[in-house]
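I opened the notebook for a pass over the helices and how they pack. The entries follow in the order I looked things up.

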Amino acid sequence: MELLADCSLLPGEERIIDKDIIYICPFSGALKGKVFITNYRLYFKSADADPAVTLDVPLGAIGRVEKMGGASSRGENSYGLDITCKDMRNLRFALKQEGHSRRDIFDILFKYAFPLSHGLLLFAYLSQEKFEENGWSVYKPMEEFRRQGLPNDKWRVTFINANYELCDTYPTILVVPFKATEEDLRKVCTFRSRGRIPVLSWIHRENQAVICRCSQPLVGMSGKRNKDDERYLDLIREANGTAKLTIYDARPSVNAVANKATGGGYEGDDAYQNAELVFLDIHNIHVMRESLKKLKDIVYPNVEESHWLSSLESTHWLEHIKLVISGAIQVADKISGGNSVVVHCSDGWDRTAQLTSLAMLMLDSHYRTLRGFQVLLEKEWISFGHKFANRIGHGDKNHADQDRSPIFVQFIDCVWQMTKQFPTAFEFNERLLVTILDHLFSCRFGTFLFNCESARDTNELRSKTVSLWSLVNSDLSFYQNPFYTPESNRVLYPVASMRHLELWVTYYIRWNPRIRQQQQSPVEQRYIELLALRDEYLKKLEELQLSDSSPNSSHLSNSSTPNATSPTQHITHLHTPF
Amino acid sequence: MLSSLGSAGGKSAKPSFVSYVTPEEIKSEKEPSRKEKHPDLLPGEVVFCSASTVLKYTQDDLSQRGVFGALLCTNFRVSFVSDEAPTEETGQLFKNKLYGENDIPLSCVDNIYGGYEDKKKLITGGLVKNKYPSKMIIHCKDLRVFQFSLSFSKEEDAKKIFQGIVHHCLEPKSLRCLFAFSYCENTSYPEVQRKKQTVMFDSVEDWIQDMKRTKGNCRVVSENSNFELSPKLPQFFIVPSNVSDEDLTKYQGKGLPMWCWSHHSGCALFKTASIPLVQEDNVPQTYMEKMLTAVAHNHLYSVKTEDLSDTLPAVQDILLSYNKFKQFFLIDNTTEFWMSDMKWFSSLDNCGWLDIIRQCLQKAVEVVECLEKENTNVLIMEEGGSDLCCVVSSLVQLMLDPYYRTLLGFQSLVQKEWVAGGHAFLDRSNHLHLKDKAESQSPVFLLFLECVWQLQQQHGPAFQFSETYLTVLSDSVHVPVFTTFLFNNDSHRDNILRAESPHTQRSPLNCPTVWDWSVQFDCKAQDLFTNPLYSEKPKQDTSVRKSYRPKHLRQLSLPSSAFKTPPKKGFFKDEADNLKKILGVKRLSRWMLSPSSESPQTSSSVREFYEAWQTKPLDYHGLLLPCLDGPSIRVWMQRYLRWIHDVQILGGGPVAMLSKVSEILGEVQELQRQLDRHGCTLTSNHKGARPRAKTASVIAARSSVRLSSSFPFVTSRNWLFKPAIPTSLLQSLMVTGMAGNLADREDDGGGPESLV
């Protein structure tokens, strides 16, 4: 019991079982200790290692639980449990080979790690956590559209999907070309995979170029055409007088062609004469899943020693990142040039979400703020139906489900690459990104649960669970980047070259104790120290000048001048050393 | 631009004639008569040849755009002078006073290629027999790439300039032709007061001081001050106290353990040039044993030896690896760049450069472990004793001694280990293009800087100098002005400088060293050499440290090495027998093999050592160890990517963050000054306002330029840029080999959607 003292339970969290166990730590060897399982987490603390080794794993991060060895297995610590986690680590526990010692813990783990497969509720529905902030109010679609200057004379808001009748995976509020009638929308709906019609995601304030997102057209083998769809895309083009609408198909062209066999396809030249189609060559969810699996193989438990770089290259993970980022750069560049674009892949909920949200992050500095980034995720990923439930497999025991894929992890990696290249352009820090990924799996918050808004409504998600943003916004300073220098209207173009892309070591290899986990980067630490020193000196100086008993009060204002020249005022400066 | 084609300007004033130019050069110097412009020549600089209406291609794109101007070759540089009126260079803060962005010091030319239509041919010197190429491509040692079109110039001029540049850049020449000599003769270069500056290790006092600083207890040898003992030995050096006078001169200094640094426990690091062991002759072995005994005697009768020739790559392999490595950065055009981007990681891996860096760092960590953990003396050796010995010994000192992580300390370290230590800078750089020295060329010093960069990258706040400082230092090796890099050893330097002196009887020629940074950069630019993250050690700490080291500490830290034996008589005899056996199989290496060879035991020992160190709180003024894991050893981005337009992160890069730190640092320092002033002049009421005015003007100057990741080497001029969009992407993904053809599958393979 006292072992659990340093692990405070969450409100609503309940202990299920505790047990003496041996944790086979890949870094420090077999460690005797105690494991506690609650309805939220697995917690282990070693008994005799100094300093104590602890594990604190939300059950949601567990992807697979297996029995290892049998009652008759030979060798030390060969009988126990093997746990595969979704967050780039595996855990191994050994037990005594007597009296089915692992049966109860295996059953409990299996049940509580995969509650949905056992008729139980996800922890988010059991949590009693309370926060000062209500994260569910972060994103209000109408407010966000209004911020973008919408509706206007070219774009209107439609409530046609209020009951999810037009498209069950879209949000209720959509922005469409002003000239398109509700009837037009219904017709277009029949020609787009799963009814995901082109709708506006973002509009450029000055040149009125728009990013629209949708799914593939249902062209099929016979090369069907749909006049309504063709006209509808032309309305998008017309809205700001774009000469040629650019359609970015995120897929490699071969895949787009192959999709015709299953009724999908792409916009042909003949049918869409005022549009140009560009393939962005980003691979599908299965390729990405295998790529990350390979990456895990070379970093966990130990970092591949011989030919590290070649091994890294053979996972193709960074290459995929490069393709996604360069796709987004092309979208952002087109928009900056005043041309509207339509982005789609097959269904428009994986690669499309990556491209539109990254492009928006490059174009709109609002999304680089702490709250703006939350809005971006709520909007482009959550409300537009990225299938979080299927991609992550929350609470589901079927670890081999082919629908699982780390698309969102890949997106967050792309964001991290951008923050790395532009360390002063984002209000949030790396901690926020890691926190987001941790709770992508944890099931502690409702934020990333379910596939789409209609499912969230049915399950009363927003009234019964807490949002991740409640946690984040109640402690904003923890997620703040001290170097942040707001620069509105600046388009950020990261460099999508392998030369600048790097493996996100502090996420993917964070379990390895040899990768030094610094609470704060030394640069950040130094900066904060200097800021504190400056404030201290300013105060001293002020005091000194007060005690100077200066007859002229203007002296006082002079003394505070350096304060006025705070970092935001002079953005760059070349004269002091570094 | 083309309008200036025919405008032949007046003949410019001829530079003053200097007598040391060889006759053949005087001839070529007289011929070009229609010079239009030339750069501002340095003292002692003369123009050899020139051509007008040369087109310099804009480096960063494939289009055949460029700027017209004159191309010249002087005794210092290849220079391109644009016909266009010099635009107001904003942010030309980091200007090198010796050469500009369109100048290439002759020693900085790496390769010259002739461009014939679509082909590119490496020019290896000599007369170009057949057709003169219409295009000249110059790859520089600082990784710049220049492309000139000669097809708009007069054929005769084009030939002449091409031949001239090839001749002066690639043909063998004598040391006296290097620009340093004419430059120094023509500049009254003021003697700097070195006392407050870098310790040069050119006097016996410097050595004594350094030994005292580290509390070493060895013998200072000053008998070689006129190179009477041996020209191969440094002017001054330190050996174990048991080395006798006659030992000093045997084998021309080979086998003589040279003191590098003393650990506070009393053990020390020595280096030596190994003696080739001849089977029948027993003499070198006896001598070697005696020397080992002398080293062992320094502290606790323990010594470990390491032959770096056996365990680290040879200098030729270092060159081969670097030659492959640098090709990734010498980019002629955008297409080529993006092509090479596809296989970037594996190419990097295959050239082995990062692995060589890792091996050197690992070796240094092993030595550190011996000194720090086992408190045993270490003798590192290699043939010559002045290449990898210098790399390893300097790295060891950087890891153990915070003094060497200050700017002046680092410069002193280079003086001690490399300059006085007799690293053959001239042969290794082969500035003279001597055919018989081609074999000895190798970027060993650069390798050292690479290792330092890795350390600095991992432990930024521990270093007083910046990344920019290291980059500039690596460039300066190829600027033939500094005595630091022009010679092979002390006596070589002494001889030449004396012979070249204008006042034959008196002092040697007074040339600047690279540490005289004001020769290249003004004060503002030099500000960029210091690292804003560095925080000095609090003053009080030093006193604590002094008292913290009582003498009995030595006894407490008993060594665990195999060489530890009670100091009784007869031990050395046994030891010598033992050593004889070891020497007999010519493997002195007692404890390590390279990480690539099968020796998991030792590499895991290093890992344990690292892990033990890592669990302790990090003290930037204490022992520093590098992490050697794959992801931790990286490419020195600033040095290698600075000129490649497509990878410049505009408004980003680490500099964006560091400049903010500097900013605050500046403010804090200014406030400190104000506070100090207040302390002194509390009675005066009329100060206060002045610093404000100054700050304001500084701020005004700041905001005009936006930084890029290539700062300070390239300042971006226009901000309305197009992003670099990678080409050749599709081919890059080799997903075909993937099992089950995942790439061809549907994202959501049909079936009803399962909404939970």
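What share of the contacts in chain B with a separation of 6 or more comes from residues 24 or more positions apart? I found 73%. I kept in mind that this is a predicted model.

**Entry: chain B overall.** I looked up the secondary structure and got 25 helices and 14 strands in chain B. The chain has 756 residues, and 58% of them count as buried. I then noted its accessible surface, about 32600 Å². Carbon and sulfur atoms hold 53% of that surface.

**Entry: H13 and H15 of chain B.** I took helix H13(B), residues 407-419, and helix H15(B), residues 444-458. Their axes lie 13 Å apart, and the packing angle is about 145°. The crossing is right-handed. From H13(B), I listed Phe410(B), Val414(B) and Trp418(B) as the residues making the contact. H15(B) brings Val444(B), Phe445(B), Phe448(B), Leu449(B) and Val452(B). I sorted the contact by class: eight nonpolar residues, no polar and no charged ones.

**Entry: H9 and H10 of chain A.** I moved to helix H9(A), residues 351-363, and helix H10(A), residues 370-383. The axes come within 10 Å and cross at roughly 150°. The two helices are therefore roughly antiparallel to each other, since angles over 145 degrees count that way. This crossing is right-handed. On the H9(A) side, I wrote down Ala353(A), Gln354(A), Thr356(A), Ser357(A), Met360(A) and Leu361(A). On the H10(A) side, I wrote down Phe373(A), Leu376(A), Lys379(A), Glu380(A) and Trp381(A). The classes here are six nonpolar, three polar and two charged.

**Entry: H7 of chain A.** How many of the eight residues of helix H7(A) are buried? I counted six in this helix, residues 308-315, so H7(A) is largely enclosed by the rest of the structure. The buried residues are Trp308(A), Leu309(A), Ser311(A), Leu312(A), Glu313(A) and Thr315(A). Next I asked which helices these buried residues pack against. In chain A, I found helix H6 (285-299) and helix H8 (317-336). In chain B, I found helix H9 (334-342), helix H10 (344-351) and helix H11 (353-372). Last, I checked what follows H7(A): His316(A), with a positive phi near 65°.

How values were computed: Residues numbered from 1 in each chain as written. Chains lettered and ligands numbered in written order. Predicted model: local features only at pLDDT ≥ 70, side-chain atom pairs only at ≥ 80, totals over all residues. Heavy atoms only, no water. Helix = DSSP H or I, 4+ residues; strand = E, 2+ residues; numbered from the N terminus. Buried < 20%, exposed > 50% of the residue type's maximum accessible area, 1.4 Å probe, protein only. Contact = heavy atoms within 4.5 Å. Areas by Shrake-Rupley, 256 points an atom, 1.4 Å probe, with all protein chains shown as cover. Axes fitted to C-alpha atoms, helices over the stretch in contact; angles between N-to-C directions. Parallel < 35°, antiparallel > 145°, perpendicular 65-115°, else oblique. Left-handed = near helix turned anticlockwise from the far one by under 90°. Nonpolar A, V, L, I, M, F, W, Y, C, P; charged D, E, K, R; others polar.
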